[in-house]
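Take a moment to look over the chain and the molecules bound to it before reading on. The paragraphs below go from the broad layout to the ligands, and then to a few single residues.

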Amino acid sequence: MTNPLGSQQRPLRAAMIGSGPSGFYAAENLLHTKDMQVQVDMFEKLPAPFGLVRYGVAPDHPKIKNVTKIYEKVAEQKGFQFLGNVEVGRNISVDELRQFYDVIIFATGAEKDRKLGILGEDLPGCHTATEFVGWYNGHPDFREEIFDLSQPIVAIIGQGNVALDVARILGKSVDELKNTDIARHALEALAESKVKEIHIFGRRGPAQAAFTPVEIREFAEFADCNCIVKPQDLELNESSRKELEDPDNAVRKKNYEILLQLSQKKHEPKKRQIIFHFLKSPVEICGAKHLDKIIFEKNILVGNPGEQKARGSGEREEIRCDLLFKSVGYRGIPIKGLPFHDQWGIIPNQHGRVADSEQIYSGLYAVGWIKRGPTGVIGTNKPDAEETVKMIMEDLPHLRPCKTPDTEALKKLLQRYEIRVVSFADWKKIDAAEIERGKESGKPREKFVKVSGMLGAI
Ligand code: FAD
Ligand code: NAP
């Protein structure tokens, strides 16, 4: 009789694809499942782990990055291996992985941006928040991006926390950023910035803004940048007033109170201004060869409290600007061999089991942003991971064991493909080298911004 999966003799073999928060929480959960022996091999396409904690969270929010200490503890556990510098779907296929693992869990995040779907959005001068965030955080894929910061007026479309990150990095002085882990190339470019006005546009009103209180509160405190909120923009319709009275809407109420305080603030002249605009949707981005203006339509809100949508009023206005960041949310990237929900930009799934309208894909699971879409903070991925692991445990008796339960055999295959697999011990060498490099400029680390640099440090 064969040993059951999860037994001492035959541990459950799980491949975790992606090393962001959701991958680590799911790994932790699997390794802690009572009376279960599990081997988790975590694949990451970059040599460095931690996903958006390293490459998304803003450099001026260092405390948030401390969560990696928890992930390091997971990585130290028996039954865990990190296989960095391996991109699943490119360096090795999902089918090939199935030979070595009983279950494969996709924790690949949402790495692309949503489109606005309007004329001119791909003109030179139009960028995505994804590109800018990747660039200032030293992500190797975005190292070569160029943003023309010699322009005085910048527009940001979207009013989520990512839009606020972008505005903060553009609005802050170099002194406020120089002791963070911001990439050196970004700090140098920002030091030359001529940006004077940063306009942030929301399609709905101040009571519906997607950012959160802690993040908007910071906008009162910049050394050389004022935050402008016009009092007349804070007038609310009846439904919005009702929304803010709803006890379930405490976050938005707090946002609104902070916006009110910002609108009443008296300002000393400063080098830069961040200006909030509400109820405006971009309808066209214009320019012959380069962005030179954006046409907006003013909106009214329609619908019941809690369900209000922006509807164009027909009234238009335009803003002249040469630099635009679109920050209207993220979407996942399809992986060969897996179904993909193109409209939502996720792997279709039922509570984490990969499934489309035809079938449930036995042994394949999703977790985090690629499972539920690009919403929620780091901690949101914890209960999400618990749900996916629960599905795995329910499916356990019906899973087909893999043919080759052997990580060394898999590594040999990767070696044959000439892939230099980066272990967690290797990563710790990269980590130590980055911390060392940061010392001379008073930074917590100076990231390697090229894969070759990371591999060279091992
Ligand atoms: P990710 O963190 O994106 O991790 C996915 C990982 O999978 C990446 O490492 C990627 O390289 C890897 N990968 C992708 N495809 C493959 C493949 N084919 N093979 C191998 N590896 C692959 N939340 C907060 O609580 N506080 C913040 O301050 C905060 N700031 C944020 C700033 C930005 C700009 C963004 C976009 C989000 C921020 N969030 C913040 C939200 C938080 O980062 C997410 O909730 C969280 O990172 C989602 O985790 P994830 O594991 O699903 O995806
Ligand atoms: P988000 O919170 O979903 O915000 C997206 C913004 O884009 C919203 O203002 C949305 O408006 C707007 N939008 C969407 N489509 C649009 C369109 N076609 N035209 C105009 N505007 C449009 O997304 P995000 O900012 O990318 O953040 C993703 C997640 O990461 C969030 O959960 C966020 O809280 C989290 N995060 C957290 C932190 C932090 O904690 N410090 C930092 C960064 C990110 P509507 O509301 O009208 O749809």
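**Two domains and two ligands**

The chain is divided into domain 1, made of residues 12-111 together with 332-422, and domain 2, which covers residues 115-328. What is shown here is a predicted model, and every distance and area in this text was computed from it. The C-alpha centres of domain 1 and domain 2 lie 33 Å apart, and where the two domains meet, 11 residues of domain 1 are in contact with 17 residues of domain 2.

We can turn next to ligand 1, which is surrounded by 31 residues, the closest of them being Ser22, Glu44, Val88, Trp369 and Ile378. These surroundings are not drawn from one domain alone, since domain 1 and domain 2 each contribute at least three residues to the shell around ligand 1. In terms of helices and strands, α1 (21-31), β2 (38-44), α2 (51-55) and α6 (161-171) each supply at least two residues of this shell. Sorted by chemical character, the shell around ligand 1 holds 15 nonpolar, 11 polar and 5 charged residues.

Several oxygen atoms in ligand 1 can be followed to polar atoms of the protein. A polar side-chain atom of glutamate 44 lies 2.6 Å from an oxygen atom of ligand 1, while the backbone also takes part, with a polar backbone atom of isoleucine 378 found 2.9 Å from an oxygen atom of ligand 1 and a backbone N or O atom of valine 377 found 3.4 Å from an oxygen atom of ligand 1. Taken alone, ligand 1 exposes 1000 Å², and the protein buries 92% of that area.

Where does ligand 2 lie with respect to domain 1 and domain 2? Both domains give residues to the shell around ligand 2, so this ligand lies between them. There are 21 residues around ligand 2, and those that come nearest are Gln159, Arg203, Arg204, Glu215 and Gly376. The shell around ligand 2 divides into 9 nonpolar, 8 polar and 4 charged residues, and helix α6 gives the most to it, with 3 residues.

For ligand 2, the backbone again supplies polar partners. A backbone N or O atom of glutamine 159 lies 3.0 Å from an oxygen atom of ligand 2, a backbone N or O atom of valine 162 lies 3.1 Å from an oxygen atom of ligand 2, and a polar backbone atom of serine 327 lies 3.5 Å from an oxygen atom of ligand 2. On its own, ligand 2 has 920 Å² of accessible area, of which the protein covers 79%.

Helix α6 has now been named for both ligands, as it supplies at least two residues to the shell around ligand 1 and 3 residues to the shell around ligand 2. Because 9 of the 11 residues of α6 are buried, this helix is largely enclosed by the rest of the structure. Among the buried residues of α6 are Ala163, Asp165, Arg168 and Gly171.

Gly171 offers a way on to serine 193, for the C-alpha atoms of serine 193 and glycine 171 are separated by 9.8 Å, although the two residues are 22 residues apart along the chain. Serine 193 sits in the loop between α8 (184-191) and β8 (197-201), and with a relative accessibility of 6% serine 193 counts as buried, because the cut-off for that word is under 20%. A polar atom of the side chain of serine 193 lies 3.1 Å from the backbone nitrogen of valine 195, and, leaving aside residues up to four places away in sequence, serine 193 touches Leu149 and Arg272.

Arg272 also appears beside asparagine 226, which belongs to strand β9 (residues 225-228) and, leaving aside residues up to four places away in sequence, touches residues including His267, Pro269, Arg272 and Ile274. Asparagine 226 is buried, with a relative accessible area of 6%. Its side chain makes a polar contact with the side chain of histidine 267 at 3.3 Å, and the side chain of asparagine 226 also reaches the backbone oxygen of glutamate 268 at 2.7 Å.

Finally, valine 367 lies in the loop between β18 (360-366) and α12 (369-372), and at 0% relative accessibility valine 367 counts as buried. Its contacts, leaving aside residues up to four places away in sequence, include Ser22, Phe106, Asp384 and Thr388, and of these, Ser22 is also one of the residues closest to ligand 1.

Notes. Residues numbered from 1 in each chain as written. Chains lettered and ligands numbered in written order. Predicted model: local features only at pLDDT ≥ 70, side-chain atom pairs only at ≥ 80, totals over all residues. Heavy atoms only, no water. Near = heavy atom within 4 Å. Polar contact = N/O pair within 3.5 Å; in protein donor to acceptor, adjacent residues only side chain to side chain. Areas by Shrake-Rupley, 256 points an atom, 1.4 Å probe, with all protein chains shown as cover. Helix = DSSP H or I, 4+ residues; strand = E, 2+ residues; numbered from the N terminus. Nonpolar A, V, L, I, M, F, W, Y, C, P; charged D, E, K, R; others polar. Domains from an automatic or database assignment. Buried < 20%, exposed > 50% of the residue type's maximum accessible area, 1.4 Å probe, protein only. Contact = heavy atoms within 4.5 Å.
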